Amino acid sequence: MKFALIALFGLAAQAQPDACNAPTPAPSVTIALPASPFGVALARDGCWLFVSLAGDRFGANMGIAVLKRGGGRVELSRVVPLDSPPAGMRVTHDGKLLIAASTYRIIFLDVARMIEGAADPVLGSFSGGRGGIVTGSIYANVTADDKLLFISEEETGAITVIDLERARRNGYTPAAIIGSIPTGFAPIALTFSPDGKWLYTTSQAATPEWKWPIACKEEGTPAGSTLANPEGAVIVVDVARARTNPEAAVAARIPAGCSPVRMAISPRGDRIFVTARNSNAVLAFDTTRLVSDKEHARTGMVPVGEAPVPIAVIDGGRKVIVGNSNRFASPASPQSLTVLDAAKMGQSSAAVLGVIPAGAFPREMTLSAEGRTLFLTNAGSNSLQMIDVERLPLSPGRR
């Protein structure tokens, strides 16, 4: 009898995540949110979602939305209030900690308390960057062993490196900061290679010290406007070196179009795909060449819609999906997602498979652990969009 009960409990434990990860009732489902969303992070079992909210126009509902997922549906459970607008987030691999890059500081929250609705799930916070100054924290990522935390700081052009083990032991104080990795202007993406050796990031424009040529117009100006800025870059960081000497951790810088912002990596880690927002394009790179043969690392460039921002690799690496934000011309109007054939990225527009309707200002994408559901935040329409990647509602067109 005892063994039968153990078996039943085991079956129940397995069934719960399956129910949570069930496909959506329709190929695309939209859930209203109480304020403008930025990013999405998932609990380890996929049963809970956390969405960062920048707040409405009156400053209300700024914090982390906690949503329950099950049976292909998502329902808002509560909003954990914060006093600074959160952006990129990451759940640690042990599933216990949610880390939010929150503009003015880095905030650490207890996942279990958030799910349970405890009064204060915030464990601590501190400012990142050199000297703990305000740095525009925008993105977060953690090494697979949960020992090292990286925060991209837009305003200072750097990535803060944090000893996460020390932060957890000592109550989340600035003493856990190891140092800063210098980047170009406005770093955002933080993507690890599968083996954890490299961290890839984006920088929207080269610094004057790099002496890169002027190649890009000012963002938001019409095509054909006077060129004013150099290209941005994909930057390769040596993770082992970042643990001990962050200032010397950059291994390579590769031109990546005008205002590269977000990045996605193939399942094998052999390619990365980058949205170049001011080039209205997606760029593909061969990761094996980023350090050893950077002049030939870029393998393709595909035109998409206006000002692309979020990007994800889906369908086991066979497709790339990108959100056309149009944020400089029409940030409050419905936009679209462009779906690309990953195998044809070197063939320019031949890679385009079609488009999917989206809300206003599609901003961030997160793929569920089982790879079936894509979560998209639409910042301009205060919504979360769930897309079944096995039933993509495609229509023809470039955007």
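**An antiparallel sheet and two pockets**

In this predicted model, four strands are arranged as an open sheet in the order S2-S3-S4-S5, with antiparallel pairing. Strand S2 (37–42) and strand S5 (73–81) form the edges, each of them pairing on one side only, and from one strand to the next the twist averages 25 degrees. Within this sheet, strand S3 (residues 48–54) is joined to strand S4 (residues 62–70) over seven bridges in the antiparallel sense, and Leu53 has Gly63 in S4 as its bridge partner.

Ala332 is located in the loop between strand S25 (319–324) and strand S26 (334–341). Because its relative accessible area is 64%, above the 50% cut-off, Ala332 is classed as exposed. Although Ala332 and Asp56 are separated by 276 residues in sequence, their C-alpha atoms are 14 Å apart in space.

The largest pocket encloses about 1,400 Å³ of space and is lined by 47 residues, with Arg90, Asn141, Met365, Thr366 and Leu367 lying nearest its centre. The elements that contribute two or more residues to this lining include S2, strand S6 (89–91), strand S10 (137–142), helix H4 (239–244) and strand S28 (362–367). By class, the lining of the largest pocket comprises 25 nonpolar, 15 polar and seven charged residues.

The second largest pocket holds about 240 Å³ of space, and of the 15 residues that line it, Lys217, Gly220, Thr221, Asn280 and Glu306 are the closest to its centre. The lining of this second largest pocket divides into five nonpolar, five polar and five charged residues.

Terms used. Residues are numbered from 1 along each chain as its sequence is written. This is a predicted model: local features need pLDDT of at least 70, side-chain atom pairs count only at pLDDT 80 or more; totals for chains, interfaces and linings use all residues. Side-chain values use heavy atoms; hydrogens and water are left out. Two strands pair if DSSP finds at least two bridges between them. Axes are lines fitted to C-alpha atoms, for helices over the stretch in contact, and angles run from 0 to 180 degrees between N-to-C directions. Buried means under 20% relative accessible area, exposed over 50%, partly exposed in between (1.4 Å probe, protein chains only). On a 1 Å grid over the protein atoms alone, a cavity is a set of points where a 1.4 Å probe fits but cannot get out, and a pocket is an open set with protein on both sides within 12 Å along at least five of seven lines; lining residues have an atom within 4 Å of a point. Grid points are joined across faces, edges and corners, and a volume is the space filled by probe spheres set on the points. Ala, Val, Leu, Ile, Met, Phe, Trp, Tyr, Cys and Pro count as nonpolar, Asp, Glu, Lys and Arg as charged, and the others, Gly among them, as polar.
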